[in-house]
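User: Please go through the terms used for this model and say what stands behind each one.

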Amino acid sequence: MENPAARRGHPSGGDQIVALEEWLARHPGPATALHDFDADGLAAAALWKLRLGGTTQVVRTRQNLPELANPAESVFLLDLSCPEDRFPWELPTVVIDHHPLPQRPPAQTLLIHDTARCSAWLTYEALWPEDSPHAWIAALGILSDLGDSMPSPLLQSQLERWGMNPLRQLTSLINSAHRAAGDCDQALLALLGHHSPSEMLRSDHPSLVYLRECQRKVRKRLGQAKQISPVKRGRIALVQFESDCPVQSVIAQIWKSRLAEHVVLVANRRSDTAEVQISARSRGALDAGKILAQIGLTVRGHAQSAGAVLKPEQWEQILENFYAYPHQR
Ligand SMILES: [Mn+2]
């Protein structure tokens, strides 16, 4: 069998992709792809739908997986981690993801997994030949999750072809849907409905009109949140604000570059929902999860990039621990 992944230096030597080919042959029935709401998850979903044509369903919270909204015979889980033990459905499932794997992935699961890549990148490699016209969509996912200096031949070839600015602008537009607490299906429609970055940037398609509106709202909210100064206790720098947009990870990213010695902890007390959204970032050897555990806060994700969603009363308790923190050391 032809094995493009092996040629591209895929870490599994292409085994995962051969396994996916076999899996697709065994499960020809209707499939649903559950996907994350950011540019990586949306790009993965667009690449999946362009190739397999099934139903997509955006997952609005990363805390738990929803029930399937449509009947399906198999499921793809894109950029949503992999749960421990079981899914909320009893269907054969493919997980395409780059987050750390659980101890016991659910039975009947095919894993397309690599922590050194991102989900759009893995989806593109698994489903598309190297020179497909959709490579720019994968590049948006890589740019959003891994940054422009990622030594990915796929990303670098697309940056050369289309330019850094257009791809950055599109990544920002795609991400503005979830950052404005808006309709992420509009971002998916925008990716599916355009043939190139330049066409999409110039487009007056309703999905683009919508995304530009989201982007204006996000810029306004970010401008407000950027005014807040961090409060430091021990190795933790806390930035706390109230907003109707989930902009906490952008704010955490901004402070991370200025606070190399601290775990940046951003708390967004959502004014439109009864939730406090947490985003944590750190640099170097600082493990955000370990340091935040010292104030009783459990975050999910990577050592240097993690998050959580708390009830206001849970957050109040964490805040108390935070202000008492230096005395506990
Ligand atoms: Mn991702």
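Analyst: A crossing is called left-handed if the near helix is turned anticlockwise from the far one by less than a right angle, and right-handed if clockwise. The model is predicted, so local features are given only at pLDDT of at least 70 and side-chain atom pairs only at pLDDT 80 or more, while totals for chains, interfaces and linings use all residues. Residues are numbered from 1 along each chain as its sequence is written.

User: Which hand does the crossing of α7 and α8 have?

Analyst: α7 passes α8 in a left-handed crossing. Both names refer to DSSP runs numbered from the N terminus (helices are H or I, at least four residues; strands are E, at least two).

User: Why is α7 called roughly antiparallel to α8?

Analyst: Their axes are 8 Å apart, and the helices pack at an angle of about 160 degrees. Angles run from 0 to 180 degrees between N-to-C directions, the axes being lines fitted to C-alpha atoms, for helices over the stretch in contact. Under 35 degrees counts as roughly parallel, over 145 as roughly antiparallel, 65 to 115 as roughly perpendicular and the rest as oblique. About 160 degrees is over 145, so α7 is roughly antiparallel to α8.

User: What makes the contact between α7 and α8?

Analyst: On α7 these are Ile174, Ala177 and His178; on α8 they are Cys184, Gln186, Ala187 and Leu191 (C-beta atoms, placed from the backbone, within 7 Å). By class, the contact of α7 with α8 holds 5 nonpolar, 2 polar and no charged residues. Nonpolar here means Ala, Val, Leu, Ile, Met, Phe, Trp, Tyr, Cys and Pro; charged means Asp, Glu, Lys and Arg; the others, Gly among them, are polar.

User: Why are α3 and α8 called oblique?

Analyst: The axes of α3 (residues 39-52) and α8 (residues 184-192) come within 9 Å and cross at roughly 50 degrees. Roughly 50 degrees falls in none of the named bands, so α3 and α8 are oblique to each other. The crossing of α3 with α8 is right-handed. Leu42, Ala43, Ala45, Ala46, Lys49 and Leu50 of α3 make the contact with Cys184, Ala187, Leu188, Leu191 and Leu192 of α8. That contact of α3 with α8 counts 10 nonpolar, no polar and 1 charged residues.

User: What makes α3 and α4 roughly parallel?

Analyst: The axes of α3 and α4 come within 7 Å and cross at roughly 15 degrees. That is under 35, so α3 is roughly parallel to α4. Their crossing is left-handed. Asp40, Gly41, Ala43, Ala44, Leu47, Trp48 and Arg51 in α3 meet Ser119, Ala120, Thr123, Tyr124 and Leu127 in α4. The contact of α3 with α4 divides into 7 nonpolar, 3 polar and 2 charged residues.

User: How do you know that α4 is largely enclosed by the rest of the structure?

Analyst: A residue is buried if 20 or more other C-beta atoms, placed from the backbone, lie within 10 Å of its own, exposed if 12 or fewer, and partly exposed in between. In α4, 9 of the 9 residues are buried, so the helix is largely enclosed. Among them are Trp121, Leu122, Glu125 and Ala126.

User: What puts the buried residues of α6 on the same side?

Analyst: The buried residues of α6 (residues 153-162) are Leu154, Leu155, Gln158 and Leu159. They cover an arc of only 130 degrees around the axis (taken from the directions from the helix axis to the C-beta atoms), so they are on the same side of α6. Pro153 and Glu160, on the other side of α6, are exposed. The buried residues of α6 pack against α4 (119-127), α5 (135-146) and α7 (164-179).

User: Is Ala181 buried or exposed?

Analyst: Ala181 lies in the loop between α7 and α8. Ala181 has 20 other C-beta atoms within 10 Å, so it meets the cut-off and is buried. Its phi is near 55 degrees, a positive value in a residue other than glycine.

User: Why is Gln108 counted as exposed, and Trp89 as partly exposed?

Analyst: Gln108 is in the loop between β4 and β5 (109-113), and has 12 C-beta neighbours inside 10 Å, so it counts as exposed. Trp89 is in the loop between β3 (74-78) and β4 (93-97). With 17 other C-beta atoms within 10 Å, Trp89 falls between the two cut-offs and is therefore partly exposed. Leaving aside neighbours within four places in sequence, Trp89 is in contact with Leu68 and Val75.

Notes
Contact = placed C-beta atoms within 7 Å.
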